[in-house]
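Me: I'm new to this one and would like to go through it step by step. Could you show it to me first?

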Amino acid sequence: MPKALWLLVIGMLVNVTGSSFLWPLNAIYIHDHLGKSLSVAGLVLMLNSAASVVGNLVGGMLYDKIGGYRSILLGIIISVISLTGLTFWHGWPHYVYFLVLIGFGGGIVFPSMFAMAGAVWKEGGRKAFNAVYVAQNAGVAIGSALGGFVAFYSFDYIFLANLFMYVIFLFLALFGYKNLAGNQLVQTNVLQERKTLISKNKFYALIILCSAYLLGWVCYVQWQSTIAAYTLEINITLKQYSLLWTVNGALIVIAQPFLQRALRKYGEKLKGQMIVGFVIFIISFVIAGAVNEFKGFLAAMIILTVGEMLVWPIVPTVADKLAPKGREGFYQGIVNSTATGGRMIGPVLGGLIVDLNGMNSLFYYLIALLVAALILTYIYDRPLKVMKKGNNATT
């Protein structure tokens, strides 16, 4: 990997490690320390996710207009100001205000990080986005583990630790990413490039693919919400449930050399990899719906992890390939906002299904959604084929 990408990977690791100090403990803090109901806690987290969706879209557009360096700095500065406020004022309702601002600031950062990863290592293709994806997961694992340890002493230290990591990220971006601006390409004004606007087929292809991506995330996030509650109901301990995510994060990091070797022959067949990934997702949920002991859920989680390693990094890779020149950030903003939207909708939808029809029916609904995602992935490139036929007809 080029040095520029290493800087982005390290930045993503620091960024996600910092945010992971707080996000797993938000609901606990709102409920146990601020004395609010779980439904109120859920509403606050939804507002945070909604702000992140908006931030992703804004961040993507800013990348195309002012470049990745300035966009990332803006997002980090908003986050640092918000976290500084949260460190001193984390009572009610200030907690809500600052959490929404943190979601917005963090959302601005992500599209630029992905778009810059694609820009600094164009020839890397999937490998560039896969490296950022691995850094994200490593950050989640490290931050979540350290967050629980720090919270054991005092919740006040959580806010301080989160702020400290973002300050490190700010200095890394300030002095490390400025030189990347030259490699990033001079962003062109898409309104001046009529050739780009002649066909909207690439954008339609992205929307179809992101619809599949959304459905995948709606299903995936059930492991953190409805399935999490279900495992506790069937006497799987909280420690065992936490171990499932430890395995998930460790496998994503450890399995990379084996995955890269296995995919060497199929590096350019991204659509086929996504289809296989969604099929593996379906197998995972079939197993999860049929078992009632820890070993069964562990097997389902391992299978799920293999599926996500095939799907999650490829969607931003395809988005980068589809993006017209000068629209890379906007396309990555759509991808990231889609993932955040799935994480926001999933727990609510899953909870409603369980409340109305019971836990067993949830798995049937999830499998149906994944089949729909599989179909959408299979047909997402139809607009591109129509565009190609049209180009051939005019030549």
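Me: What sits over the ring of Tyr378?

Reply: One note before that: this is a predicted model. The charged end of Lys271 sits over the ring of Tyr378, and its distance from the ring centre is 4.7 Å. The cut-off for the distance is 6 Å, and 4.7 Å falls inside that. Arg327 has a similar role to describe: its charged end sits over the ring of Phe330, 4.3 Å from the centre.

Me: Why is Ser82 called buried?

Reply: Buried means under 20% relative accessible area, and Ser82 has 2%, so the word applies. You'll find Ser82 in helix α4, residues 68-88.

Me: What does the side chain of Ser82 reach?

Reply: The backbone oxygen of Ile78, at 2.7 Å. With the limit for a polar contact at 3.5 Å, that distance fits. If you skip the neighbours within four places in sequence, Ser82 is also in contact with Phe98, Leu101 and Ile102.

Me: Why is there no bond between the sulfurs of Cys219 and Cys210?

Reply: The sulfur of Cys210 is the closest cysteine sulfur to that of Cys219, but it is 16 Å away, and a disulfide needs 2.5 Å or less, so this is too far for a bond. A search of the whole structure turns up zero disulfides.

Me: Are Cys210 and Cys219 buried or exposed?

Reply: Buried, because the relative accessible area is 4% for Cys210 and 0% for Cys219, and the cut-off is under 20%.

Me: What makes the pair of Tyr230 and Phe363 edge-to-face?

Reply: The angle between the planes is 65°, and anything over 60 degrees counts as edge-to-face. The centres are 6.5 Å apart, which is within the 6.5 Å allowed for a pair. Tyr230 lies in helix α11 and Phe363 in helix α18, so the pair ties together parts 133 residues apart in sequence. Both residues are buried.

Me: And what about Phe281 and Trp312, how are their rings arranged?

Reply: Edge-to-face again: the planes are at 85° and the centres 5.4 Å apart. Phe281 is in helix α14 while Trp312 is in the loop between α15 and α16, so this pair ties together parts 31 residues apart in sequence. Ring pairs also link Phe281 and Trp312 into a cluster with Tyr213, Trp217, Tyr220, Trp245 and Phe278.

Me: How do you know the length of helix α15 is close to what is expected?

Reply: Helix α15 has 18 residues and reaches 25 Å from its first C-alpha to its last, against an expected 26 Å.

Methods
Residues numbered from 1 in each chain as written. Predicted model: local features only at pLDDT ≥ 70, side-chain atom pairs only at ≥ 80, totals over all residues. Heavy atoms only, no water. Helix = DSSP H or I, 4+ residues; strand = E, 2+ residues; numbered from the N terminus. Buried < 20%, exposed > 50% of the residue type's maximum accessible area, 1.4 Å probe, protein only. Polar contact = N/O pair within 3.5 Å; in protein donor to acceptor, adjacent residues only side chain to side chain. Contact = heavy atoms within 4.5 Å. Expected span 1.5 Å × (residues − 1). Phe/Tyr/Trp six-rings, centres within 6.5 Å; stacked < 30°, edge-to-face > 60°. Lys NZ or Arg CZ within 6 Å of the ring centre and 35° of its normal.
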